[in-house]
Amino acid sequence: MGFLISTILFVNKKSNPIINTYLVLLISIISCRFFIFGLFNSFSNHTLLNIYSQYCNITLVIIPLCYLYFKNLDPSYSSRIKDLFHLIFPIAYFFVTLQIYNYTKPDIYKRFILYFFLIIFLISYIIWSYKVLKSKVWNRKKNSKILTNWTLFLLIGLILISIRLLASIFTEIQTNEISRGFKHQWISAVIWSIIVIKMLVTPEILYGYNIMHQKLKENRSSNLILNEIWNINPIVAINNSQHLTLKEKMEQHITDYFELIEKNTSQKKYFRDSKVSLSDFATKLNIPKSHLAYLFKYHCKISFSEYKKLIQIQDAILLIKDGYLKNNTMDSLSKEVGFTSYNPFFTSFKNIMGVAPLEYINQINSVAI
């Protein structure tokens with residue numbers, strides 16, 4: 001799962017603001033660590049396990065990587081070379097402990113000194129991570145709840161893993177074992193598994209909130225009756241500053257507007273009144289006229305007047321199928337659905353349906369027979 005997640009994160013790194021290089025490295029390193037440990041254990045190869053135990057503490061780099069991941073979630077912050085200085089302590093700590101345990105047998109006091117520096121290291125980065133998240137991520141109004149919940153979840157996981165590591169090393173020091181933090185490693189494995197599963201069940205983390213929201217909007221729009229005339233993305237470029245402001249307000253609710261328009265035109269028959277204008281229709285929908293004009297200009301493939309005719313012709317077809325013409329004339333039908341006379345009704349019907357009204361009626365009757 002870890003390798004799969006790492007691949008998805010890497011592919012979506014540029015388009016997803018929730019992802020950056022440090023998260024990709026974090027998940028990749030953790031995945032490699034547990035994969036290698038599990039592989040060596042399954043073969044019961046003591047030589048390989050011994051080599052692994054000597055070098056596994058290099059994974060302490062995940063602590064500053066996690067901090068750097070949080071720090072780079074701030075859009076105003078740009079990664080710098082000096083970020084790499086955060087990796088100096090875990091790498092130095094790894095080489096110092098490697099030399100001490102390989103060439104000497106440190107007494108309990110030296111081991112507690114190393115333990116003390118490890119405690120300071122872990123606590124410092126947890127505090128720094130919390131401060132960065134609180135000031136740069138959690139308090140930003142533009143950030144989604146998904147990002148807030150995810151970073152809090154990851155921070156809690158980091159705290160629990162750090163506690164497990166400290167408790168394990170403390171036990172190993174007391175029992176005069178080599179301080180590798182191996183005891184109860186299954187706890188860390190479970191925590192990281194939960195973190196990975198959290199990412200899998202929250203696709204916004206993997207693919208980005210904007211992308212997922214776009215997919216949801218596309219799926220919703222496919223349920224519209226007139227789906228072919230609506231366009232989620234602007235049909236033409238928006239250069240007007242007022243329209244750009246409207247875009248920011250409306251883009252998250254575009255499909256809601258589509259549904260509102262279709263629901264009201266199909267159920268309430270507003271267009272049976274031939275005098276209904278764009279302004280009148282906006283009033284009936286209880287939305288600003290500017291919003292409705294924006295929708296028809298940038299998100300509809302036909303104009304408002306063409307849409308009005310389309311709904312009127314659909315209304316006429318339903319009346320024809322319900323037997324309206326059994327007791328009424330064609331001229332009466334045209335006026336019933338909102339045309340001033342039969343001539344504009346005839347023209348609109350033929351343009352939309354491809355056949356004249358009488359020809360359409362004959363086709364219906366032949367199918368019925």
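The exercises below work through a predicted model of one protein chain, each with a solution in steps.

Residues are numbered from 1 along each chain as its sequence is written, and side-chain values use heavy atoms, with hydrogens and water left out. Because the model is predicted, local features need pLDDT of at least 70 and side-chain atom pairs count only at pLDDT 80 or more, while totals for chains, interfaces and linings use all residues.

**Exercise 1. Confidence**

Find where confidence in the protein chain is lowest and where it is highest.

Solution. Begin with the term itself: pLDDT is the predictor's confidence in each residue, from 0 to 100. For the protein chain the mean pLDDT is 84, and 88% of the residues reach 70 or more. Next, go through the helices, which are DSSP runs (H or I, at least four residues) numbered from the N terminus. Confidence is lowest in helix α10 (residues 209-221), with a mean of 49, and highest in helix α16 (residues 330-336), at 95. Where pLDDT is low, the predicted coordinates should not be read in detail.

**Exercise 2. Two helices and what follows them**

Compare the span of α7 and that of α12 with the expected values, and then describe the phi of the residue named after each helix.

Solution. The expected span of a helix is 1.5 Å times one less than its number of residues. Helix α7 (residues 145-174) has 30 residues and reaches 44 Å from its first C-alpha to its last, close to the expected 44 Å. Helix α12 (residues 254-267) has 14 residues and reaches 20 Å, again close to the expected 20 Å. Now turn to phi: most residues other than glycine have a negative phi. After α7 comes Asn176, with a positive phi near 60 degrees, and after α12 comes Lys269, with a positive phi near 55 degrees. A further case is Asn286, which is not a glycine and yet has a positive phi of about 65 degrees; Asn286 lies in the loop between α13 and α14 (289-298).

**Exercise 3. An aromatic pair**

Classify the pair formed by the rings of Phe112 and Tyr115, and state whether each residue is buried or partly exposed.

Solution. Rings of Phe, Tyr and Trp (its six-membered ring) pair if their centres lie within 6.5 Å; planes under 30 degrees apart count as stacked, over 60 as edge-to-face and the rest as tilted. The structure holds 30 aromatic pairs. In the pair of Phe112 and Tyr115 the ring centres are 6.2 Å apart and the planes stand at 80 degrees, so the pair is edge-to-face. Both residues lie in helix α6 (residues 108-138), three residues apart, which is about one turn of the helix. For the last step, buried means under 20% relative accessible area, exposed over 50%, and partly exposed in between (1.4 Å probe, protein chains only). Phe112, at 30%, is partly exposed, whereas Tyr115, at 11%, is buried.

**Exercise 4. A network of salt bridges**

Work out which parts of the chain are linked by the salt bridges of Lys269 and Arg272.

Solution. A salt bridge is a side-chain nitrogen of Lys or Arg within 4 Å of a carboxyl oxygen of Asp or Glu, and a search of the whole structure finds five of them. Lys269 meets Asp315 in a salt bridge with an N to O distance of 3.7 Å. This pair links distant parts of the chain, since Lys269 is in the loop between α12 and α13 and Asp315 is in helix α15 (residues 304-321), 46 residues apart. Lys269 counts as partly exposed at 27% relative accessibility, while Asp315 counts as buried at 6%. Arg272 forms a salt bridge with Glu336, the closest N and O atoms being 3.3 Å apart. Arg272 lies in the loop between α12 and α13 and Glu336 in helix α16, so the pair ties together parts that are 64 residues apart in sequence. Arg272, at 28%, is partly exposed, and Glu336 is partly exposed as well, at 31%. Taken together, Lys269, Arg272, Asp315 and Glu336 are linked in a network of salt bridges.

Definitions and conventions
Helices (H or I, at least four residues) and strands (E, at least two) are DSSP runs, numbered from the N terminus.
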